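The exercises below ask for facts that can be worked out from the coordinates, and each is followed by a solution that goes step by step. Please attempt each one before reading on.

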Amino acid sequence: PGSAFALSDADKALVLTGPRLINVRDLEDYRDVVRITLETELRTSQFYEAMRHRAQNLELREVFGSLAEEGFGHHQRLLKLARERGFLPPNEGVAVV
C-alpha cells in the first residue's frame, strides 16, 4: 500500500511462493522434489529477468540481472546433477509456462 512498486498477476505467476511440504518416501518422491526445485529456480530467474527489463534505475537493472543469472545457474547445475544421478532422464527438462 502506498508503494509505487507492485507486481502484476503475470509477475506473481513467475515466482513460486509459500512452503511446499512433500512426504519423501521413495525415488519418485525425490524426483518430484527435484522437479519442483528446478521449476522454482527457473521461475525465480525469469522473474528477476522481467524485473531487470522493467527497472528504470541502472543499478537496479544490474542487481536484477545478476540475480537472474545466479538463479539460472542454480537451475542449470541442478539439472545437470539430477540427470547425472538418475533423478531425471537425460532428455527430460522442466517446462515452465
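**Exercise 1.** Determine which residues make up the largest nonpolar core of this predicted model, and which elements give two or more residues to this core.

*Solution.* Begin with the members: the largest nonpolar core consists of five residues, namely V34, L38, L79, A82 and L88. Next, assign them to elements, whereupon α2 and α3 (58–84) emerge as the elements that give two or more residues to this core. Finally, inspect the surroundings of A82, which touches V34, F87 and L88 when residues up to four places away in sequence are not counted.

**Exercise 2.** Describe the overall make-up of the protein in terms of its helices and strands, its buried share and the sequence separation of its contacts.

*Solution.* The protein has three helices and zero strands, and from the N terminus on its elements run α-α-α. Of its 97 residues, 21% count as buried. Turning to contacts with a separation of 6 or more, 62% of them are accounted for by residues 24 or more positions apart. The accessible surface comes to about 7000 Å², and carbon and sulfur atoms hold 56% of that area.

**Exercise 3.** Check whether the span of helix α2 agrees or disagrees with its 28 residues, then list the residues that are buried in α2.

*Solution.* Helix α2 covers residues 27–54, and at 1.5 Å a residue it should span 40 Å; because its end C-alpha atoms are 41 Å apart, the two values agree. The buried residues in α2 are D29, V34, L38, L42, R43, S45, F47 and M51. When reading such a list, recall that an α-helix has 3.6 residues a turn, so residues three or four places apart point the same way.

**Exercise 4.** Decide whether D29 is buried or exposed, and find which backbone nitrogen lies 2.6 Å from a polar atom of its side chain.

*Solution.* D29 is placed in helix α2. Its relative accessible area is 10%, which is under the 20% cut-off, so D29 is buried. The backbone nitrogen in question is that of R25. In addition, D29 touches N23 and V24, with residues up to four places away in sequence left out of the count.

**Exercise 5.** Locate G65 and G73, and establish how far each is from a given partner, M51 for G65 and L42 for G73.

*Solution.* G65 lies in helix α3 and is buried at a relative accessible area of 10%. From G65 to M51 the C-alpha distance is 8.4 Å, with their positions 14 residues apart in sequence. G73 also has its place in helix α3, and its relative accessibility of 17% counts as buried. The C-alpha atoms of G73 and L42 are separated by 9.2 Å, although these residues are 31 residues apart along the chain.

**Exercise 6.** Characterise the aromatic pairs of the structure.

*Solution.* A pair of aromatic rings is described by the distance of the centres and the angle of the planes. The structure holds three aromatic pairs. One of them, formed by Y30 and F87, is tilted, with 6.3 Å from centre to centre and 50° between the planes. This pair links distant parts of the chain, since Y30 is in helix α2 and F87 in the segment after α3, 57 residues apart. Y30 is partly exposed at 46% relative accessibility, and F87 is partly exposed at 24%. Another pair, Y48 and F64, is stacked, with 6.2 Å between centres and 25° between planes. Y48 lies in helix α2 and F64 in helix α3, so this pair ties together parts that are 16 residues apart in sequence. Lastly, ring pairs link F47, Y48 and F64 into a cluster.

Conventions
Residues are numbered from 1 along each chain as its sequence is written. This is a predicted model: local features need pLDDT of at least 70, side-chain atom pairs count only at pLDDT 80 or more; totals for chains, interfaces and linings use all residues. Side-chain values use heavy atoms; hydrogens and water are left out. Helices (H or I, at least four residues) and strands (E, at least two) are DSSP runs, numbered from the N terminus. The expected span of a helix is 1.5 Å times one less than its number of residues. Buried means under 20% relative accessible area, exposed over 50%, partly exposed in between (1.4 Å probe, protein chains only). A nonpolar core is a set of buried Ala, Val, Leu, Ile, Met, Phe, Trp, Tyr and Cys residues joined through side-chain atoms within 4.5 Å. Contact means heavy atoms within 4.5 Å. A polar contact is a pair of N or O atoms within 3.5 Å; within protein, one must be able to donate a hydrogen and the other to accept it, and residues adjacent in sequence count only if both atoms are side-chain atoms. Accessible areas come from the Shrake-Rupley method with a 1.4 Å probe; for residues, only the protein chains shown count as cover. Rings of Phe, Tyr and Trp (its six-membered ring) pair if their centres lie within 6.5 Å; planes under 30 degrees apart count as stacked, over 60 as edge-to-face and the rest as tilted.
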